[in-house]
Amino acid sequence: LLGKIRYSIGDFVPYFCAGPRVDFKIGERSTPLLLYYNKWAKKRLYGYSLGTGLELPKLFSKIVLIEFMVSPDISDVYVEPFDVKNRSLQASVGIMF
């Protein structure tokens, strides 16, 4: 779920988006090489996403999107013995239909 604020500047439409995030664990695999086993990991993580992007409406007769997002977790991945959080950076290119 993301909210989006956009502002048209000629042929460019820059925007900012933000929203909450919930991640669900759908599988696990543990090996002796891992420092922490997946059985200690939480099954549900909460976080948020912040991003900025650019819509290019006149490129290739479709609207082309370029977007960059950061998605840090609010909750810890592992319950104990250490506090561990995830953070991801994403770069996306897409076509709006």
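Reader: Where is L50 placed in this structure, and why does L50 count as partly exposed?

Author: In this predicted model, L50 is placed in strand β3. The relative accessibility of L50 is 33%, and because partly exposed covers what lies between the cut-off of under 20% for buried and that of over 50% for exposed, L50 counts as partly exposed.

Reader: What makes I5, F16, V22, F24, I26, Y46, Y48, L50 and I74 a patch?

Author: These residues, with L50 as one of them, form a nonpolar patch on the surface, and together they have about 960 Å² of accessible area. A patch takes residues with over 30% relative accessible area, and the 33% of L50 fits that cut-off. The elements that give two or more residues to this nonpolar patch are β2 and β3.

Reader: Why is K43 called exposed, and where is K43 placed?

Author: K43 has a relative accessible area of 55%, and because exposed means over 50%, K43 is called exposed. The place of K43 is in the loop between β2 (13–24) and β3 (44–59). Although K43 and K25 are 18 residues apart along the chain, their C-alpha atoms are separated by 5.0 Å.

Reader: How do you know that K4 and E55 form a salt bridge?

Author: The closest N and O atoms of K4 and E55 are 3.0 Å apart, and because a salt bridge asks for a distance within 4 Å, the pair qualifies. K4 lies in strand β1 (residues 3–6) and E55 in strand β3, so the salt bridge ties together parts that are 51 residues apart in sequence. K4 counts as partly exposed at 42% relative accessibility, whereas E55, at 2%, counts as buried. K4 and E55 are also linked with R6 in a network of salt bridges.

Reader: What makes the contacts of R21 with D23 and with D73 salt bridges?

Author: From N to O, the distance is 3.0 Å for R21 and D23 and 2.3 Å for D73 and R21, so each meets the cut-off of within 4 Å. The pair of D73 and R21 links distant parts of the chain, with D73 in the loop between β4 (62–72) and β5 (87–96) and R21 in strand β2, 52 residues apart.

Reader: Why are R21 and D73 called buried, and why is D23 called partly exposed?

Author: Buried means under 20% relative accessible area, so R21, at 17%, is buried, and so is D73, at 7%. D23 has a relative accessible area of 29%, and because this value lies between the cut-offs of 20% and 50%, D23 is partly exposed.

Key: Residues numbered from 1 in each chain as written. Predicted model: local features only at pLDDT ≥ 70, side-chain atom pairs only at ≥ 80, totals over all residues. Heavy atoms only, no water. Helix = DSSP H or I, 4+ residues; strand = E, 2+ residues; numbered from the N terminus. Buried < 20%, exposed > 50% of the residue type's maximum accessible area, 1.4 Å probe, protein only. Patch = residues over 30% accessible without salt bridge, like charges linked within 9 Å, V, L, I, M, F, W, Y side chains within 5 Å. Areas by Shrake-Rupley, 256 points an atom, 1.4 Å probe, with all protein chains shown as cover. Salt bridge = Lys/Arg side-chain N within 4 Å of Asp/Glu carboxyl O.
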